[in-house]
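Visitor: Could you take me through this structure in simple steps?
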6 protein chains.
Amino acid sequence: MPRNDGRKNDQLRPISFTPNIAPHSTGSVLVAAGNTRVICSAMIEESIPNWMKFQKVPGGWLTAEYSMLPYSTLERKQRDSAKGRIDGRSVEIQRLIGRSLRAVVDLDLLGPRTLCIDCDVLQADGGTRTASITGACVAASLAVEKLIEKKLLTKSPIKQLVAAVSVGVVNGEPMLDLNYLEDKDASVDMNLVMTANGQFVEVQGSGEEQTFSESELAAMMTLGKKGIGELIAAQRAAISSASAETPEPVGLVFPS
Amino acid sequence: MPRNDGRKNDQLRPISFTPNIAPHSTGSVLVAAGNTRVICSAMIEESIPNWMKFQKVPGGWLTAEYSMLPYSTLERKQRDSAKGRIDGRSVEIQRLIGRSLRAVVDLDLLGPRTLCIDCDVLQADGGTRTASITGACVAASLAVEKLIEKKLLTKSPIKQLVAAVSVGVVNGEPMLDLNYLEDKDASVDMNLVMTANGQFVEVQGSGEEQTFSESELAAMMTLGKKGIGELIAAQRAAISSASAETPEPVGLVFPS
Amino acid sequence: MPRNDGRKNDQLRPISFTPNIAPHSTGSVLVAAGNTRVICSAMIEESIPNWMKFQKVPGGWLTAEYSMLPYSTLERKQRDSAKGRIDGRSVEIQRLIGRSLRAVVDLDLLGPRTLCIDCDVLQADGGTRTASITGACVAASLAVEKLIEKKLLTKSPIKQLVAAVSVGVVNGEPMLDLNYLEDKDASVDMNLVMTANGQFVEVQGSGEEQTFSESELAAMMTLGKKGIGELIAAQRAAISSASAETPEPVGLVFPS
Amino acid sequence: MPRNDGRKNDQLRPISFTPNIAPHSTGSVLVAAGNTRVICSAMIEESIPNWMKFQKVPGGWLTAEYSMLPYSTLERKQRDSAKGRIDGRSVEIQRLIGRSLRAVVDLDLLGPRTLCIDCDVLQADGGTRTASITGACVAASLAVEKLIEKKLLTKSPIKQLVAAVSVGVVNGEPMLDLNYLEDKDASVDMNLVMTANGQFVEVQGSGEEQTFSESELAAMMTLGKKGIGELIAAQRAAISSASAETPEPVGLVFPS
Amino acid sequence: MPRNDGRKNDQLRPISFTPNIAPHSTGSVLVAAGNTRVICSAMIEESIPNWMKFQKVPGGWLTAEYSMLPYSTLERKQRDSAKGRIDGRSVEIQRLIGRSLRAVVDLDLLGPRTLCIDCDVLQADGGTRTASITGACVAASLAVEKLIEKKLLTKSPIKQLVAAVSVGVVNGEPMLDLNYLEDKDASVDMNLVMTANGQFVEVQGSGEEQTFSESELAAMMTLGKKGIGELIAAQRAAISSASAETPEPVGLVFPS
Amino acid sequence: MPRNDGRKNDQLRPISFTPNIAPHSTGSVLVAAGNTRVICSAMIEESIPNWMKFQKVPGGWLTAEYSMLPYSTLERKQRDSAKGRIDGRSVEIQRLIGRSLRAVVDLDLLGPRTLCIDCDVLQADGGTRTASITGACVAASLAVEKLIEKKLLTKSPIKQLVAAVSVGVVNGEPMLDLNYLEDKDASVDMNLVMTANGQFVEVQGSGEEQTFSESELAAMMTLGKKGIGELIAAQRAAISSASAETPEPVGLVFPS
């Protein structure tokens, strides 16, 4: 039985990366995973957090912010700034994005700078946090290339690519890369963050107010690893095509 | 002597409208005025502010929010939500956008609903508040069309189109539609908000810590009225082409 | 047909300035424009905003805060501090007051200091923002005189006087200096900020959810310029009488 | 040895009450105790706090807010609204003012309304909290008279007058009604709130980071009771003169 | 090679539960896991969140709050209330506690009530979030017993016990139940939340800015499952002993 | 007629001090006064408030924070951090605790450090602020002993012990050390803070929306002084027993 959008259980949604979506950023990309679209940006700030100034080893920092634009959902979502504080879910997600990227970045190589990752969801259809991580890694790679070009860095601090994908159990079936309707019906929701060489960065499985078994966990891990492999390949293609073809900021063109 | 981007003093920057940039919104558009790009959205909320509930005449409301995305500027701009409050300039701008749109919307025709305008600056190169108003009017028009199509409205509450443009005096020369570098050097900065039939909605001229003369004011008014006429024509073209050609959400394609 | 308070269309409300209303301030005045009364104060702080410290040209700053006292309106107005944030209208007004004063103050002459303007509305009957600007200019002038007397300044940084007035269209009639009832019924509301030598500092006309024509704009400008001239004369009289008669801070003497 | 302003140890500063300082308030007064000046207002809100709605006995409430205007001190005091929260000292003082007034007001007679007391310090020279209580009682009395006149109340809910005064020990000498310089040097600071019939409402003595003896306490109590008697007499005179002479709100007339 | 506190790699720290630590709570316990000590409380509020009121299925809710007391760490930790907002880590942890408990509670059986879990860390030595979950389950069980006793519930909504434990890799060695020093040196940190019948509720493994391999993951899972079994046994003993021996709330008796 | 818990009018509730309740704190104690239980902690921070840095006399500071844990009351109390601000009552109490302790501490002897007092109410049954002061003095004494032992201080900055007790008038009877039910019915509530040598630190009597007479005041003072004497004796015993018997931090041992 096919999934609600015709995919097979182990099939990713189409993924695409449109580089340079925000030309004032050092590196930016619009990542589209099916109908989920996230603007990802990576910018350098020439400062580090106060608490780092007292560390022995001088080095940089990487921080991430995540936000859903108010029109990303079918019912308008109130802005955090209008509420005066960031909601708990966003806090959790931006901490996850930050940890995931820091796992593959050599902060010492950055120097006393902060790499600021921003992920703004333009359209939400499930998997916004995993798309954010996957896109942020591409944005960071593009930013680093520009910094090397400008002689601000001599060597890339990105040790390897990192990507993320969701897996879940829907109506008893383990499935890869859930869209919103699947996510809503899932009895388990799991996010895998992995590197190009097959190492884990984060494993977050949650029974969503239910529980799950060890065999479900195993099936989800298998699906997830398959998906990560394909995402890493897509990231690589996007990064190399952006660098080769677009010395100048490219326009904002979507795949037909 | 030509301007820093080769334009004549009375020449607008190229303006374009990409409809349906945020497909979950009722009506949305990416407006590009030169290098200034703003995502404009118009969504309906089925409620009205508390203070309206005690008004005699039942009717709707229109509200606007404006924000600069952190990567819209060459130095990353801190998010309002991270600061816990909206900065003074954004408050002023979103109040202006709201007033400008309400001047051309028949709120009684809306019914007890709120039309929520959102303007998020993707790239800032001067004139973000005027581009926001001009784009928001297109987004609102697209939203109203969809609401009429869905029989939620029987008649458009938009009485006429509204557009906005900046004018200023730079090195003694009155100029239309200032970009960021011109804006920084301007001795006067003025924003005109006008309707399709040539009425004024807002006139906001500020000496930017300096003063200006009556003849400078007159010259700026003349330039501004010329620009508004061209913007209204561009809005009309965008609205009619979006409705005619794109029954389905169009992709995000930029003018070459 | 006379106005609701018997004035002619081109007639200001009686304006008066009571100096030294807050003797601990460097310069203060209670300005009364009809029934609108605002306490205006100008005090020096021996510091400048952080962002100025990195500017090339060393110099001072001028900042303004505006607030309505809770008993200034017929229904008690909640304090901003009780809400935890300043409301949007107040933000807009205090930014306007600051810009208006900075347009006539030579900040470099101030030295590395901040001139802090405070405007607290004691009674609100329309035109509180224009009365605030007009009064703040007098308060600042008195403060500067005292600083010169104390040898903290050698030369006045106030290049010329600035005053503000509202104009509007009520029942089709252009009118000068609207009171609250007129303001509520106005189809256009405009604030003019001008200097003693007839230059413009700010022109802010708003259709108040309606639109207005070019001829209405012209009629309002004419009324406004007449009003500004009279206000500047009243400011001059107040400043010279305060300086002449009260070398020492006058006490706050109320009718027995 | 006389005090720094020539008073005897058991002598109050001159106290005066200027009624109707804020004509939009139901009842208002400017109280001056020496150089300490506080605007006191009492206004009715036609609502009660949420927590009262579940009380068995229907009745009203009385609440108080206290604030120092930024120009009330010789060094400008930052506004609470600019900090986003009310400082601890103000919280403590406004709770004291509220308790003191509620001790003499029959809340049941108020009906389901809130009597809102506001105290804004225009000039601070010691004793601002006691002047606020003394002035607030006069403002509340004037407000109640107006409500009775308007038939909104049939009987005054104010059971008797309440006044407050500070006493302290300065250089070993017990003194009444300390000014700022005395307060700064005091080894004990005590505030007495008492009623017209000699009952206590609040007794707050604090060693100000020091301690005090029982005999010092006794001496301060004696001074305080004397002062309260004089303050109650001054309140009575102010209330009866305001009512007799000013059936209509008096204007705010300043010396020409 | 033994661990820094002499334990074997697969050995839990001593765990103990002191019931009724906060006698005003419906159910409370002090959980001690080695030197980590957390006060856990479960109280009923007779209301549900607003967003639940529109749900079709009537039922209850369970919410959790987590906080570190300022003296729980060797350097005093600033209170969230002093900062005006809850820090990101606490937000993440209290969301985890809430999800974990909701996975084993039948919210429909609760009726339209909220079960409020509070976890306050008295002493922090690693594993505060897992101790919080383990202790909260005991507190909730004691609360439910009391509600059944009082006939407020007829049947326990707790479907089975839930416990949590940390596992990690320290110096290449997988270890169970890390203390603070081990946690600081760990290259992987993982939290397992599991039920009495061996199902998973949450699996959260994080490379702590590093990555980990599939075999490390497998080793940690094995250790974690062993630990969970022992924790569930300890919870059972604590619950049955608390119910048998202490029909009345036990006092808080400390060593003489 | 005996009191609701069988005590005589001049009888304290049983008071006990459990030292080292929070072993990571420099000095801590759980104080129990009847059913009121408060965790009191004293920790050193190696910094002083900014405003002290400009003082002539170098020296330390002492600050206090007070909070009710959400499960300290029979109806769960919302956390301040969830509301985003500290409630007025807590602000008032923590200011009182700070002033009371500073009255007996020689801040100059502390050096440029801050002694941070924390009082968290575990169970509230009246008199939480007085128990907090009494317990905080013991916690501070234990902290100072440890600092002297560690050679961080050469001499104790605690000049003498300070204790606090409530007194009140309930049904016309003056009573010592009110519990919650008595406090709720009291017509007067008074808190006395006194030192070991019989000096006053704070006297705070409040008619709780009523008034009280001079003879009631005298009777309460007599009761209070008796209670303070007993509390100081209990503090002394607790401090000397804690120091004698527990050279090492005692563990937190609960009944088996």
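Guide: Copies are superposed by least squares on the C-alpha atoms of residues with pLDDT of at least 70 in both. The model is predicted: local features need pLDDT of at least 70, side-chain atom pairs count only at pLDDT 80 or more, and totals for chains, interfaces and linings use all residues. Residues are numbered from 1 along each chain as its sequence is written, chains are lettered from A and ligands numbered from 1 in the order in which they are written, and side-chain values use heavy atoms, leaving out hydrogens and water.

Visitor: What rotation superposes chain E on chain F?
Guide: A rotation of 180 degrees, with 0.0 Å of shift along its axis, does so with an RMSD of 0.0 Å. That is the relation of a two-fold axis.

Visitor: In what order do the strands of the sheet in chain D stand?
Guide: The order is S1-S2-S3-S5-S4, an open sheet of five strands with mixed pairing. Strands (E, at least two residues) and helices (H or I, at least four) are DSSP runs, numbered from the N terminus, and two strands pair if DSSP finds at least two bridges between them.

Visitor: Which strands stand at the edges?
Guide: Strands S1 (15-19) and S4 (61-68) of chain D do; each has a single partner strand, so one side of each is left without a neighbour in the sheet.

Visitor: How many bridges join S1(D) to S2(D)?
Guide: Five, and the two strands run antiparallel. The bridge partner of D:Pro19 in S2(D) is D:Val29.
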